[in-house]
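This briefing introduces a structure to a reader who has not seen it before. It begins with the chain as a whole and then turns to helix packing and ring contacts.

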Amino acid sequence: MDLSRNQLCGLNEIENGTYNAAGITAIADALRVTASLTSLDIGHNMIGKEAALSLVSIFKEKDQMQSVGLADCNLGVDGARVVADYVSVSDSLTSLHVDYNSLGDEGATAIVTALKESKVS
């Protein structure tokens, strides 16, 4: 499901507006009860680290996602560590997009290390 750049959180194309977690909460609720969703791209929605990481925790819990797009979600170093932890334990993930997240050397290293031991491309 490609939800990238679709103003989930009240932001327009040039990132004006206010943060509104209602869209992410709805997605999280749907993920908890669906067994068929295997791909989700929420990139470039500026949802923020906490919202992105709450979705990652659901992905980790259910381990059904094959493709995850988290580009430009403000993950930062701490978010990168959480994503790396998810990547290292996922048996289903094969594609991950985390570009434009200011991961820093430490965050990037954590994800690269996890990727080397996984099926993710």
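**Overview of the chain**

Among contacts in the protein chain between residues at least 6 apart in sequence, 78% join residues at least 24 apart. The model is predicted. The protein chain contains four helices and three strands, and its elements follow the order α-β-α-β-α-β-α from the N terminus on.

**Burial and surface**

- The protein chain has 121 residues, and 43% of them count as buried.
- About 6200 Å² of the protein chain is exposed.
- Carbon and sulfur atoms supply 51% of that exposed area.

**Helix 1 and helix 2**

- Helix 1 covers residues 22-33, and helix 2 covers residues 49-62.
- The two helices pack at an angle of about 5 degrees, and their axes are 10 Å apart.
- Angles under 35 degrees count as roughly parallel, and helix 1 and helix 2 are therefore roughly parallel to each other.
- On the helix 1 side, the contact is made by Ile-24, Ile-27, Ala-28, Leu-31 and Arg-32.
- On the helix 2 side, the contact is made by Ala-51, Ser-54, Leu-55, Ile-58, Phe-59 and Lys-62.
- By class, the residues of the contact of helix 1 with helix 2 are eight nonpolar, one polar and two charged.

**Helix 3 and helix 4**

- Helix 3 spans residues 76-89, and helix 4 spans residues 104-116.
- Helix 3 packs with helix 4 at an angle of about 5 degrees, with 8 Å between their axes.
- That angle makes helix 3 roughly parallel to helix 4.
- Helix 3 contributes Val-77, Ala-80, Arg-81, Val-83, Ala-84, Val-87 and Ser-88 to the contact.
- Helix 4 meets them with Gly-104, Glu-106, Gly-107, Ala-110, Ile-111, Ala-114 and Leu-115.
- Nine nonpolar, three polar and two charged residues make up the contact of helix 3 with helix 4.

**The aromatic pair**

- The structure holds one aromatic pair.
- Phe-59 and Tyr-86 form this pair, with 6.1 Å from centre to centre and 45 degrees between the planes.
- The pair counts as tilted, because its angle is neither under 30 degrees, as in a stacked pair, nor over 60, as in an edge-to-face pair.
- Phe-59 lies in helix 2 and Tyr-86 in helix 3, so the pair ties together parts that are 27 residues apart in sequence.
- Both Phe-59 and Tyr-86 are buried.
- Phe-59 is also one of the helix 2 residues in the contact with helix 1.

Note on methods:
Residues numbered from 1 in each chain as written. Predicted model: local features only at pLDDT ≥ 70, side-chain atom pairs only at ≥ 80, totals over all residues. Heavy atoms only, no water. Phe/Tyr/Trp six-rings, centres within 6.5 Å; stacked < 30°, edge-to-face > 60°. Buried < 20%, exposed > 50% of the residue type's maximum accessible area, 1.4 Å probe, protein only. Axes fitted to C-alpha atoms, helices over the stretch in contact; angles between N-to-C directions. Parallel < 35°, antiparallel > 145°, perpendicular 65-115°, else oblique. Contact = heavy atoms within 4.5 Å. Nonpolar A, V, L, I, M, F, W, Y, C, P; charged D, E, K, R; others polar. Areas by Shrake-Rupley, 256 points an atom, 1.4 Å probe, with all protein chains shown as cover.
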